[in-house]
Amino acid sequence: MIASAHIVGGEALGGAELFYVRLVNALQARAHSVLAITVAGSRIAARLRAETPQVHIPMRGVGDLLSRWRIGQALRERQPDIVQTYMGRATRLTHLPPGRRPIHLARLGGYYDPRGYRHAHAWVVASPGIREHLLRHGFPANRIFHIGNFVASCPPSPPADSQQLRRELAIPAEALIVTAVGRLHPVKGFDNLLKAFASVPPCIHDRPVYLIVVGDGPLATRLPRYAEQLGIGDRVRWPGWRDDAGRFQQLADLCVCSSRQEGMGNVILEAWARSRAVLSTRAQGPVDTITDRENGWLVPIGDPAALAAALELLLREDSLRQRIAVNGNHTLMAQYGEEAIVNAYLDLYDRLLAAG
């Protein structure tokens, strides 16, 4: 049986970290021999299955030489066949000799600086666009592999849960809700989303329209202030970073991805898992994932006017919104289901080990 170790630094639960949890738990459920190397006390570690072996290493930064040594020590003791790292910190802290086991497979879910990944033996990317990104930087094509993410379909929340969440957010029961989830960082384009939302009528079909932005980050102070300047502060809610971000997507009539750049767009899959319609910019990841006007709606990047027009159209047209939501859920099950993605990873491990 192939044994794999999975290494992730940090403590938050962003898209890459949530995928780490899903994949490690799915491999463990398959009785695959798996080791999780995480930060002690992190939200990531707490979400792994109880029977999953874990080693806790601080991984305080890319220059943490003690953590780099401890990662090497843990791998020497456990002797996995595959070592899969997630994002920059864990990848930079993991250095394995080429030409023999274990094989270092670095996963990229975004358009990261390739300099921190070049020392890996092979790379798995979440979208074709990220593959092209690596090719442009001279990575060998025969060692780059594309495997998407997976998200399980979610049963609807009980009505009482949605009612309670509306009360917590002070949103009327009859309101239409737009939800966006992501790090409050310039790359996510939330400034454009706020500008677009300011152009959307405050009521549609006699229902007030509200925006929920779930996340935290460097713009956590600036964005709410911008919403106030636009005159929409009373219609925007900022619950901060939440482990239960899916509850806010479940509450939504429409989910939005306003990114200037996006690796794949886990928020799209998460919305589809809850049978919610998705409106997104034409960032590379969403373009690779969404078929425009079929399972989602695409608008140009950095165009608040186009975003506003699409927001109003989709909020006005219930049947259109429902159709693309249903198609999105079907796409999720057909292309981004757990079984297909986990099988693809196990097949990749076999191929890498057979090739040496």
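**Exercise 1.** Describe how helix α12 (residues 304–316) and α13 are arranged and which residues join them.

*Solution.* Step 1: the axes of α12 and α13 come within 5 Å and cross at roughly 95°. Axes here are lines fitted to C-alpha atoms, for helices over the stretch in contact, with angles from 0 to 180 degrees between N-to-C directions. Helices are DSSP runs (H or I, at least four residues), strands likewise (E, at least two), numbered from the N terminus.

Step 2: this crossing makes α12 roughly perpendicular to α13, a label for angles of 65 to 115 degrees.

Step 3: Leu313, Leu314, Leu315 and Arg316 of α12 meet Asp318, Leu320, Arg321 and Ile324 of α13, contact being heavy atoms within 4.5 Å.

Step 4: sorted by class, this contact holds five nonpolar, no polar and three charged residues. Asp, Glu, Lys and Arg count as charged; Ala, Val, Leu, Ile, Met, Phe, Trp, Tyr, Cys and Pro as nonpolar; the others, Gly among them, as polar.

The model is predicted: local features need pLDDT of at least 70, side-chain atom pairs count only at pLDDT 80 or more, and totals for chains, interfaces and linings use all residues. Residues are numbered from 1 along each chain as its sequence is written, and side-chain values use heavy atoms, leaving out hydrogens and water.

**Exercise 2.** Do the same for helix α10 (residues 266–273) and helix α13 (residues 318–335), then locate Asn329.

*Solution.* Step 1: the two axes come within 8 Å and cross at roughly 110°, so α10 is roughly perpendicular to α13.

Step 2: from α10, Leu269, Trp272 and Ala273 meet Gly328, Asn329, Thr331 and Leu332 of α13. Four of the residues in this contact are nonpolar, three polar and none charged.

Step 3: Asn329 sits in α13 and is buried, at a relative accessible area of 13%. Buried means under 20%, exposed over 50%, and partly exposed in between (1.4 Å probe, protein chains only).

Step 4: a polar atom of the Asn329 side chain lies 2.9 Å from the backbone oxygen of Trp272. Beyond its neighbours within four places in sequence, Asn329 touches Ser153, Trp272, Ala273 and Ser275.

**Exercise 3.** Which residues of helix α6 (residues 159–169) are buried, and where do they lie around the axis?

*Solution.* Step 1: Leu165, Arg166 and Leu169 are buried.

Step 2: viewed down the axis of α6, the buried residues fall within an arc of 100°, so they line one face. The arc is that of the directions from the helix axis to the C-beta atoms.

Step 3: the face turned away from the buried side carries the exposed residues Ala160 and Arg167.

Notes. Angles under 35 degrees count as roughly parallel, over 145 as roughly antiparallel, 65 to 115 as roughly perpendicular and the rest as oblique. A polar contact is a pair of N or O atoms within 3.5 Å; within protein, one must be able to donate a hydrogen and the other to accept it, and residues adjacent in sequence count only if both atoms are side-chain atoms.
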